[in-house]
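This report examines selected local features of one protein chain. The sequence and model are shown first, and the discussion follows.

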Amino acid sequence: MNYFLAKTEPGTYSIDDLERDRRTAWDGVANAQAVRAIREMRPDDRVFIYHSGGASSVVGLAVVKSQPRDDPKNPKSAVVDLEFAGRLDPPVTLAEIKQSRTFDDWSLVRQGRLATMAAPEKFVTWMRDRYPKAKI
């Protein structure tokens, strides 16, 4: 199983929307590096849902439920189906992630505009330690 992080503007599609809908096609990604990350996703992989803008933070979890496929709205992009897997309460802010100094080499910290990326194992372990009851 692999782990990823997917960013969304809460005004566009939030963790509230994902929880309500239970499942969604994750689309709208244009950056080639982010599209590659989506194409690497496989069913049962886990995705940290991250709200960007405002109080940027990791707010929840999703599970990949489909193979990646071409985005019908953009032939240069890809989509996967994600299923809501829970909230992280309290959310982990980008400031906390940066203050840990553990992830300075991760795309989340280095490339602020990248929408989707692999999550390193050390981040997964760090999150499991923070949320022992979550299904990470």
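## Surroundings of S77

The model is predicted. Beyond its neighbours within four places in sequence, S77 is in contact with V29, V35, R39, R69, D70 and D71. One of these, V29, also offers its backbone oxygen, which the side chain of S77 reaches at 2.4 Å.

S77 belongs to strand β6. The relative accessible area of S77 is 0%, so this residue counts as buried.

## Pairing and alternation in β2

Strand β6 spans residues 74-93 and runs antiparallel to β2, with four bridges joining the two strands. Within β6, L82 is the bridge partner of T24.

The side chains of β2, residues 23-26, alternate between two faces. T24 and W26 point to one face and are buried, whereas R23 and A25 point to the other face and are not buried.

## The largest nonpolar core

In soluble globular proteins, nonpolar side chains tend to be buried together. In this model, the largest nonpolar core holds 43 residues, and those touching the most other members are V47, F48, I49, V58, F123, M127 and I136. At least two residues of this core come from each of β1 (3-8), α1 (15-21), α2 (32-40), β3 (46-51), β4 (57-64), β6, α3 (94-99) and α5 (121-130). Strand β6 gives the most, with six residues.

For I136, the contacts outside the stretch of up to four places away in sequence are Y3, F48, L61, L88, V124, M127, R128 and Y131.

## Two acidic residues between α2 and β3

The loop between α2 and β3 contains D45. Is D45 buried or exposed, and how far away is the nearest side chain of opposite charge? D45 is buried, and that nearest side chain, R42, is 6.6 Å away. D45 has no salt bridge, because such a bridge requires a side-chain nitrogen of Lys or Arg within 4 Å of a carboxyl oxygen. A polar atom of the D45 side chain does lie 2.9 Å from the backbone nitrogen of N2. Leaving aside neighbours within four places in sequence, D45 is in contact with M1, N2, F4, E40, A62, V63 and V64. Between D45 and S77 there are 19 Å in space, C-alpha to C-alpha, and the two are 32 residues apart in sequence.

D44 is also found in the loop between α2 and β3. With a relative accessible area of 45%, D44 is classed as partly exposed, because exposed residues have over 50% and buried residues under 20%. Its contacts, apart from neighbours within four places in sequence, are M1, V63, V64 and K65. D44 and E83 are 39 residues apart in sequence, and their C-alpha atoms are 9.8 Å apart in space.

Key. Residues are numbered from 1 along each chain as its sequence is written. This is a predicted model: local features need pLDDT of at least 70, side-chain atom pairs count only at pLDDT 80 or more; totals for chains, interfaces and linings use all residues. Side-chain values use heavy atoms; hydrogens and water are left out. Buried means under 20% relative accessible area, exposed over 50%, partly exposed in between (1.4 Å probe, protein chains only). Two strands pair if DSSP finds at least two bridges between them. A nonpolar core is a set of buried Ala, Val, Leu, Ile, Met, Phe, Trp, Tyr and Cys residues joined through side-chain atoms within 4.5 Å. Contact means heavy atoms within 4.5 Å. Lys and Arg count as positive and Asp and Glu as negative; His and the chain ends are not counted. A polar contact is a pair of N or O atoms within 3.5 Å; within protein, one must be able to donate a hydrogen and the other to accept it, and residues adjacent in sequence count only if both atoms are side-chain atoms.
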